[in-house]
Amino acid sequence: MASGHREAAPVGGINLRATGSSTQRIIIRKIGRGVNPTIRAGVGTQGSNTNTTGTCDAIFRISGGDYITIDGINLTDSANNATSTTQAEFGYRIGVDSISANSSLNGARYDTIRNCKISLFRANTATGGATGIYMAQPTTNNSTPVPPTRTNGMNAYCAFVNDTVENVLTGIDIRGSSSTTYYGLDYDITGCVVTNFGPATTTAVTTSYGIITQYRLTQRINGNYVANAEGNGISSAGSIFGIYPYNNFSSTGVVRVNNNIVRMDQTGSFYTIYGIYPVVSSAGTVYVQGNNVSVVSRSSSTVYAVYPS
């Protein structure tokens, strides 16, 4: 796509089901110097990102596609989408459509989203709000992973590099399967910037996340910048998590959360702020090293800069 190009996504968003190979990747990228091309959301039709039909509004989906790179393609919601029904629930949504008959047989693997900027509406009041980058296994409600039935059904070996996410409830949400046999493998979230995230008002009590990962065997969350109130953001009233990797399986699992900068700002009383909250449900190994965390509480909230569990 030419630099500076702008276009509107169709109703329901772009849905890429094609698959490349290790020697012939599918690459969608900016051509030329200058600003990134931008894809603007069409008119949404769903008012929740936990819709049971699997037809939640995403601007760009990768559905079971492998060896795909998207490089320097920005996504934004349209100012004309003024309600939770018409607004997008997801920017990039990677994984498998829950409405697909073969959804448990074909996960997304070896995909990369890099150098992209995603800007939605944190004011989206849909259940679950707006999420910039979302990856999940086949789901019945887009939030509870359903176990795949074979190894190729697992989402695996994907990377999110130098992406910017803003104006959302949740920045980056990467989920595997709750199956201890087929979970999620080897993910990178590196050099990303997540700002202006959380509820739309200082009084709205909604839990929000900068980066959250779930049900992964091996993952690296390194060199990111997470700040909820920066970039025209506001202080949050509900519980807020900067970086939250949890429910990661197996004694061979390794989670690295290194060299990140986390800035949390919260106003609500009786809620909790977590800068970095790594949780491992089995005897895996977690490295939390070289991070710079600052937490500001403007109330009687419970505060944790780093809270290993």
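**Figure 1. Lysine 117 and its salt bridge to glutamate 166.** In this predicted model, lysine 117 is partly exposed, because its relative accessible area of 35% falls between the limits of 20% for buried and 50% for exposed. Its salt-bridge partner is glutamate 166, and the closest N and O atoms of the pair are 3.6 Å apart. Glutamate 166 belongs to strand E13 (residues 164-168) and lysine 117 to strand E10 (residues 117-119), so the bridge ties together parts that are 49 residues apart in sequence. Side chains of opposite charge can pair when their charged atoms come close. The structure holds 5 salt bridges, and Figures 2 and 3 show others.

**Figure 2. Aspartate 173 and arginine 175.** The side chains of these two residues, aspartate 173 and arginine 175, meet in a salt bridge, with a distance of 2.9 Å from N to O. Aspartate 173 is buried, and arginine 175 is buried as well.

**Figure 3. The salt-bridge network around arginine 220.** Arginine 220 forms a salt bridge with aspartate 188, where the closest N and O atoms are 2.6 Å apart. The pair ties together parts that are 32 residues apart in sequence, since arginine 220 lies in strand E18 (residues 218-222) and aspartate 188 in strand E15 (residues 185-190). Through shared partners, salt bridges join Asp186, Asp188 and Arg220 into one network. Arginine 220 has a relative accessible area of 21% and is therefore partly exposed, as buried would require a value under 20%.

**Figure 4. Alanine 159 and its contacts.** Alanine 159 is found in strand E12 (residues 156-161). Its relative accessible area is 14%, which is under 20%, so alanine 159 counts as buried. With neighbours within four places in sequence left aside, alanine 159 is in contact with Asp111, Thr112, Ile113 and Asp188. Asp188 is also a member of the network in Figure 3. Between alanine 159 and arginine 220 there are 9.4 Å in space, C-alpha to C-alpha, although the two residues are 61 apart in sequence.

**Figure 5. Two tyrosines with a positive phi.** Most residues other than glycine have a negative phi. Tyrosine 67 has a positive phi, near 55°, and tyrosine 157 also has a positive phi, near 60°. Tyrosine 67 sits in the loop between strand E5 (58-63) and strand E6 (68-71), whereas tyrosine 157 is part of strand E12. Tyrosine 67 has a relative accessible area of 19% and is buried, because the limit is under 20%. Tyrosine 157, at 29% relative accessibility, counts as partly exposed.

**Figure 6. The largest cavity.** A search of the whole structure finds 2 cavities of 30 Å³ or more. The largest cavity has a volume of about 80 Å³. Its lining consists of 13 residues, and those nearest the centre of the cavity are Ala41, Gly42, Gly44, Asp57 and Ala58. Sorted by class, the lining of the largest cavity has 6 nonpolar, 6 polar and 1 charged residues.

**Figure 7. Confidence along the chain.** The pLDDT of the chain averages 84, and 84% of the residues score at least 70. Confidence is highest in strand E9 (residues 112-114), at a mean of 98, and lowest in strand E26 (residues 302-306), at a mean of 88. Where pLDDT is low, the predicted coordinates should not be read in detail.

Methods:
Residues are numbered from 1 along each chain as its sequence is written. Side-chain values use heavy atoms; hydrogens and water are left out. Helices (H or I, at least four residues) and strands (E, at least two) are DSSP runs, numbered from the N terminus. Buried means under 20% relative accessible area, exposed over 50%, partly exposed in between (1.4 Å probe, protein chains only). Contact means heavy atoms within 4.5 Å. On a 1 Å grid over the protein atoms alone, a cavity is a set of points where a 1.4 Å probe fits but cannot get out, and a pocket is an open set with protein on both sides within 12 Å along at least five of seven lines; lining residues have an atom within 4 Å of a point. Grid points are joined across faces, edges and corners, and a volume is the space filled by probe spheres set on the points. Ala, Val, Leu, Ile, Met, Phe, Trp, Tyr, Cys and Pro count as nonpolar, Asp, Glu, Lys and Arg as charged, and the others, Gly among them, as polar. pLDDT is the predictor's confidence in each residue, from 0 to 100. A salt bridge is a side-chain nitrogen of Lys or Arg within 4 Å of a carboxyl oxygen of Asp or Glu.
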